[in-house]
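Here is a short briefing to read alongside the structure. Take a moment to look at the picture, then work through the topics at your own pace.

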Amino acid sequence: MTLGDAKVGTTVVVTKIEGDSAFKRRIMDMGITKGSELFIRKVAPLGDPVEITVRGYELTVRKADAQCVEVK
């Protein structure tokens, strides 16, 4: 399952980040690293973007970027 597929109100754990090295670095700089817990707060009405809570702060991620983060 990917971060983009996760339901609102659930907590997920990151298992893998896909993409090239520059993309992975940008995602990891936001605090989304392997093993981190993410709480899905909201999804915009049209499905993009996704608002999550990671490491105690709120973060908004585009749906395309969320599809590259595998979670369980």
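In this predicted model, the largest nonpolar core holds 19 residues, and L3, I32, L38 and I52 are the ones that touch the most other members. The elements that give two or more residues to this core are β1, α1 (21–29), β2, β3 (50–54), β4 and β5. Let's start inside and then look at the sheet, the overall build and the confidence.

**The core**

- Which residues does L3 touch, leaving aside its neighbours within four places in sequence? L3 is in contact with V12, L38, I40, I52, A66, V69 and V71.
- Two names in that list, L38 and I52, are also among the residues that touch the most other core members.
- Across the protein chain, buried residues make up 36% of the 72 residues.

**The sheet as a whole**

- In what order do the strands of the open sheet lie? The 5 strands are arranged as β4-β3-β2-β1-β5, and their pairing is antiparallel.
- β4 (57–61) and β5 (69–71) stand at the edges with a single partner strand each, so one side of each has no neighbour in the sheet.
- From one strand to the next, the twist averages 45°.
- A handy rule for looking at any sheet is that side chains in a regular strand alternate between its two faces.

**Strand pairs to find**

- β1 (residues 11–17) and β2 (residues 37–43) pair in the antiparallel sense over 3 bridges.
- To trace this pair, find T11, whose bridge partner in β2 is F39, then V12, whose bridge partner is L38, and then V13, which stands opposite E37.
- V12 and L38 also appear in the core story, since both are in contact with L3.
- β1 pairs with β5 too, in the antiparallel sense and over 3 bridges; here K16 has E70 as its bridge partner.
- β2 and β3 pair in the antiparallel sense over 5 bridges, and V43 stands opposite V50 in β3.
- What links β2 and β3? These two strands form a hairpin with 6 residues between them, and G47 in the turn has a positive phi of about 90°.

**The overall build**

- The protein chain contains 2 helices and 5 strands.
- Reading along the sequence, you meet them in the pattern β-α-β-β-β-α-β.
- Why can the chain be called compact? With 72 residues, a compact globule would have a radius of gyration near 11 Å, and the chain has 11 Å, which agrees.
- Along the principal axes, the C-alpha atoms fill a box of roughly 30 × 20 × 20 Å.
- Among contacts with a separation of 6 or more, 54% join residues that are 24 or more positions apart.

**How confident is the prediction?**

- The average pLDDT of the protein chain is 91, and 100% of the residues score at least 70.
- Where is confidence lowest, and where is it highest? Helix α2 (residues 63–66) has the lowest, at a mean of 88, while β1 has the highest, at 94.
- As a general habit, predicted coordinates should not be read in detail where pLDDT is low.

Notes. Residues are numbered from 1 along each chain as its sequence is written. This is a predicted model: local features need pLDDT of at least 70, side-chain atom pairs count only at pLDDT 80 or more; totals for chains, interfaces and linings use all residues. Side-chain values use heavy atoms; hydrogens and water are left out. Two strands pair if DSSP finds at least two bridges between them. Helices (H or I, at least four residues) and strands (E, at least two) are DSSP runs, numbered from the N terminus. Axes are lines fitted to C-alpha atoms, for helices over the stretch in contact, and angles run from 0 to 180 degrees between N-to-C directions. A nonpolar core is a set of buried Ala, Val, Leu, Ile, Met, Phe, Trp, Tyr and Cys residues joined through side-chain atoms within 4.5 Å. Buried means under 20% relative accessible area, exposed over 50%, partly exposed in between (1.4 Å probe, protein chains only). Contact means heavy atoms within 4.5 Å. pLDDT is the predictor's confidence in each residue, from 0 to 100. The radius of gyration is taken over C-alpha atoms; the globule rule is 2.2 Å times the number of residues to the power 0.38.
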